[in-house]
Amino acid sequence: MALKLGVLDQTHISQGRDASQTLAETTLLAQEAERLGYSRFWVTEHHSMKALASSSPEVLIAHVAAKTEKIKVGSGGVMLTHYSAYKVAENFRLLEALHPGRIDLGIGRAPGGMPLSTRALQEGKRMDMDNYPEQVDDLTAYLHETLPRDHRFAGLLAAPTVPTAPELWLLGSSYGSAQIAAAKGTAYAYAQFFGVPGSEVSLRMYRDYFKPSMLNQKPKALAAVLVICADTDEEADRLATGSDLFFLSLEQGKLLSAFPSVEFSTKYPYTDYDRERIRAIRENRIIGSPETVRSKLLGMSERLGVDEFLIVTMTHSFEARLRSYRLVAEAFGLSG
């Protein structure tokens, strides 16, 4: 089976590095991903986290798209509930005008941070009302200039006018997000790397209940999965210890100040419960040699019913990260 592969970059700041260095590495990674033949390069949105550098994906998208030539660049994603759908539409129509046909707009309704940052982002807004489905409708209408005549902002233009629109994706890791994506006829990106159970059910629900729309006539889905590839299974397992500790800490509500090194992660005083959680989390990860990664990713493709993946690779060493993406590209015969 021929898989379509892209990159999801979380701009994690490794121990001993700073945000400027990390963002420079993001640019280098995007350029290398384009050279290797990856199809998309998405960046994330996180708030008030010292270990993650991207708090404004639209700004980073503009930079990355300007430093590359053909790879699609997008958000994975913009946390829409914090913002005006109108302003998001303006931002992404401007990006589309600057880079026609290359912009993806992935949106989600997760907070992208802890409660304090959510309160700050939503200051002055009603906190007791979930109008995300309506926001999706508004955003779609702004992007395609299809506001109905009885809309509360009828006649409003999300400038600039452009002949193409960013590709709209709903992000999620739950049945609820799958249902909304299906009802609205958007593309759907499942965050498999979160490690939340239910990926097969969510993706099947999206396909089963999908309603054709002006955006898509057929279901269009991908999954974002954490992959760490090295020359041997043993080396990949060693490199993965940093992501083990990072995601374990996040699950426990502990925000690390930087992405941990292999040495730090190996010496960490894990409890028996911690080790059990890591084993459970790893069931949704793909870690190993090129042969192992290829076999497991093809198996996941068949199990989830998707033929496109965004690869999330988080290692302390940037060189090891580049090596991982190169090995995966070689294993699947990608070409730039």
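In this predicted model, helix H7, which spans residues 199-209, has as its buried residues Ser 199, Ser 202, Leu 203, Met 205 and Tyr 206. Because these residues cover an arc of only 155 degrees around the axis, they are placed on the same side of H7. On the face turned away from that buried side, H7 carries the exposed residues Asp 208 and Tyr 209. The partners against which the buried residues of H7 pack are two helices, H6 (175-184) and H12 (290-304), together with two strands, S7 (187-191) and S8 (221-229).

Strand S7 appears again in the description of the largest pocket, since S7 is among the elements that give two or more residues to the lining of that pocket.

**Pockets and cavity**

The largest pocket has a volume of about 870 Å³, and 41 residues line it, those nearest its centre being His 46, Ala 110, Ser 173, Phe 193 and Phe 194. Besides S7, the elements that give two or more residues to this lining are strand S6 (167-172), helix H9 (241-251) and helix H11 (272-282), and H9 gives the most, with 4 residues.

The second largest pocket holds about 380 Å³ of space. Its lining consists of 20 residues, of which Thr 81, Tyr 83, Lys 125, Asn 131 and Gln 135 are the closest to the centre. Two helices give two or more residues to this lining, namely H3 (85-98) and H5 (132-144), and H5 gives the most, with 5 residues.

A search of the whole structure for cavities of 30 Å³ or more finds 1, and about 70 Å³ of space lies in the largest cavity. The residues that line this cavity are Met 49, Lys 50, Ala 51 and Leu 52, together with Phe 246, Ser 249, Leu 250, Lys 254, Leu 255 and Leu 256.

The table sets out the volumes and the classes of the lining residues.

| Space | Volume | Lining residues by class |
|---|---|---|
| Largest pocket | about 870 Å³ | 22 nonpolar, 14 polar, 5 charged |
| Second largest pocket | about 380 Å³ | 9 nonpolar, 5 polar, 6 charged |
| Largest cavity | about 70 Å³ | 7 nonpolar, 1 polar, 2 charged |

For the largest pocket, the lining thus includes 22 nonpolar residues beside 14 polar and 5 charged ones, whereas the lining of the second largest pocket has 9 nonpolar residues with 5 polar and 6 charged. In the lining of the largest cavity, 7 residues are nonpolar, 1 is polar and 2 are charged.

Technical notes
Residues numbered from 1 in each chain as written. Predicted model: local features only at pLDDT ≥ 70, side-chain atom pairs only at ≥ 80, totals over all residues. Heavy atoms only, no water. Buried < 20%, exposed > 50% of the residue type's maximum accessible area, 1.4 Å probe, protein only. Arc of directions from axis to C-beta. Contact = heavy atoms within 4.5 Å. 1 Å grid on protein atoms, 1.4 Å probe; cavity = no way out; pocket = protein on both sides within 12 Å on 5 of 7 lines; lining within 4 Å. Points joined across faces, edges and corners; volume = space filled by probe spheres on them. Nonpolar A, V, L, I, M, F, W, Y, C, P; charged D, E, K, R; others polar.
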